[in-house]
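Let's take a friendly walk through how two protein chains meet. Have the sequence and the 3D view ready as you read.

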Amino acid sequence: MSRNRILSAVRGALDPSHAPARRSAASARIASAPKHPRPNIAKLEGDERIARFAECLAALGVDRIEVQAADEVPAAIATYLSARGLPLRLRRGEDNILASLPWHHASDLVVDIGPAQADDAVGLSRALAGAAETGTLALASGPGNPVTLSFLPDTHVVVLCEQAIVASYEDAIARVLAENGGVVPRTINLVTGASRTGDIGGKIVMGAHGPRRLAVILIRDGAQRT
Amino acid sequence: MTKTAAFEAGVSAALANEALQHALADVPAGFVAGRARQKAALPEFEGLRRTARDIRDHTLAHLDAYLEEFERNAVSAGSTVHWAATADEAREVVLSICRAAGARTIAKSKSMVSEEIALNAALEAQAMEVVETDLGEYLIQLRGERPSHIIAPAIHLRAGDVADEFRLRHDHLDASRDLATPEVMVAEARSVLREKFLAADVGITGANFLVAETGSAIIVTNEGNADLTMSLPKVHIVLTTIDKLVPTLADAWPLLRLLARSATGQAFTAYTTIVTGPRRPEDDAGPQSCHVILLDNGRSELLQSEFRPILRCIRCGACMNHCPVYCAIGGHAYDSVYPGPIGAVLTPALAGVGEAGHLAQASTFCGRCEEVCPVEIPLVSMLRGWREQAFAASDDWRSRTFLRAWVQLAKRPRAYGLAARIAAAILSALAGAKGILRRLPFGERWTRQRDFPAPQGTTFQDLWKRRERDEGPAP
């Protein structure tokens, strides 16, 4: 059986007599994951962290819309879509926070619910965290935010609370897992800008397979900035 | 024709290929400059390389234990784990999963392991349609070529080549349509491939890393094609090798911080996805089953050889981007799945020294590959190791005699110094005022592609002696 052949070949290459020691070293590392050094850009705090996140989004060509409170999100999305000449229709999942928004404030915006369909033009998701080090959004798959919403529609709009902006990938994943009740979702999607390719003549073109356009609606909600 | 002769013929053809030379000329301004910018923007870059190397070494030194941990955790997340000792076995596993799924169309995200096992041909032989969805891979699939670079498989093509190919292959579209810009062509490929995504029964991806702690695969792309591949079809296959493990998610971040910076010169790729098993009971999207195939194909043997450090490789392609030989001849001339310095070290290990030992000659030993490798693989000394093995196995009496004579001379400093002075004087005289030799006595093969700069002034040994006399012994 190939499994045993491969494992015994690996064991033989590594000295079979130390296999138990290797096993306990591996369990120990998994039980208490190492804290590797992080670069300074992954350790920023306060205003510096928020500023780094915003700078990275700008450099990636991501549109950023700030609102002071969650209540303003539906109207902000409608304004954003109409300013770009995009259809006033989007699809979202069953996410509690997205569901609780006052959608009637944007009465001309049609909101569909469920996983993305082939002809959806705009997908809306909520990110569970943002990592300031590279302007990366962290999303978790599930009925709250079906993963297809991040990839099938041409335009992806992501709602993010400012308090969910953390310094590093490590912190972002910790936040995702905490919000997900400690369960690893099928996919954790780290999104850093919209879909792109450089495969034709070396020129960067947006919208290779996923969204051409990515917008972040940042909810300041109680966040203090000096 | 011997392997070496075939390789040399390929090199000559590549050097004479104007279109290829044009395409390769962009590498320094693109990937190389991009990496330099990222390195300059991250003061901790060099420290990260050491951390990354240590993580990979630790994993390889405990590989049996992490493989078992990975298997346990992947299975408890709902994945099926398959083990394949050889390329044949891996193909058989993929085929049986596809048959069981009744697959007619298979969407594939970029995977060098699938190139290694020649998967597409095997699937097509079973009348299944395989569609490469990474744009570069799609282009070379249309052209029946193999990747010429591990992260930019169509780097040898120019925009005009792509337009010609699309006009020929997308024959359901208006033949007179505008294909003047990369934007138009990307949009066309997007709509053609979107149909394939929606029709696919099985999605096959590789994995950049496997995480033992969680039983996850980590997959990075810029296009988002891996995400559609793993989320739309009802079956997801992760085809990967046993060396891709990291112990924990915490161990993945230092590697991921280096991967894109070393590869494309981005701080992070657009999409980094941690995928763990099939759809959950509450999910309304995602595949119903997830299979992880762990292929060995020679890696367990490498683990106990002097070449173990090559298994640290995270497939960023920095070594080829910075290689003067790769940048002169491109990837196809290597005629191996993995080109460039990594290919010249890995291919003989996987295919045997008789098949690919000659690839170690495709190096100037300048060491740039080693300088930029994010996991500090000693590529130059490994290339030297293969050269030694190839020499030991060689029956080319001319090169053996020449090298033996050279060794005898090099062991005698006085005789060597004298010979060097005589040779320098002769070459200098032959070159005349221009200082350039268009043909080298006994070295016609060297000067076939380039001129030889004649020695200027005195020999290195004489210069060194003078320097020691003037400045005292070197420290």
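The sections below cover the layout of one chain and then the contact between the two.

## The model and chain A

Please keep in mind that this is a predicted model. Chain A is split into two domains: domain 1 spans 1-34, and domain 2 spans 44-219. Taken over C-alpha atoms, the centres of domain 1 and domain 2 of chain A lie 41 Å apart.

## How much is in contact

If you colour the contact residues, you will mark 73 residues in chain A and 89 residues in chain B. Together the chains bury about 6600 Å² between them, and carbon and sulfur atoms give 61% of that area. In chain B, the residues that lose the most area to chain A are B:Asp64, B:Arg190 and B:Arg257, which together make up 11% of what that side buries.

## Charges and polar pairs

Eleven salt bridges are counted between chain B and chain A. One of them links A:Arg11 with B:Glu68, where the closest N and O atoms are 3.2 Å apart. Polar contacts across this interface come to 37 residue pairs, with both residues at pLDDT 80 or more.

On the side of chain B that touches chain A, helix 11 (residues 182-199) gives the most, with nine residues. By class, that side of chain B has 45 nonpolar, 23 charged and 21 polar residues.

## Strands that pair across the chains

Strand 9 (residues 187-191) of chain A and strand 9 (residues 271-275) of chain B run antiparallel and are joined by five bridges. To find this pairing on screen, look for A:Ile188, whose bridge partner in strand 9 of chain B is B:Ile274.

Terms used: Residues numbered from 1 in each chain as written. Chains lettered and ligands numbered in written order. Predicted model: local features only at pLDDT ≥ 70, side-chain atom pairs only at ≥ 80, totals over all residues. Heavy atoms only, no water. Domains from an automatic or database assignment. Contact = heavy atoms within 4.5 Å. Buried area = accessible area lost by both parts, 1.4 Å probe. Salt bridge = Lys/Arg side-chain N within 4 Å of Asp/Glu carboxyl O. Polar contact = N/O pair within 3.5 Å; in protein donor to acceptor, adjacent residues only side chain to side chain. Helix = DSSP H or I, 4+ residues; strand = E, 2+ residues; numbered from the N terminus. Nonpolar A, V, L, I, M, F, W, Y, C, P; charged D, E, K, R; others polar. Pairing = 2+ DSSP bridges.
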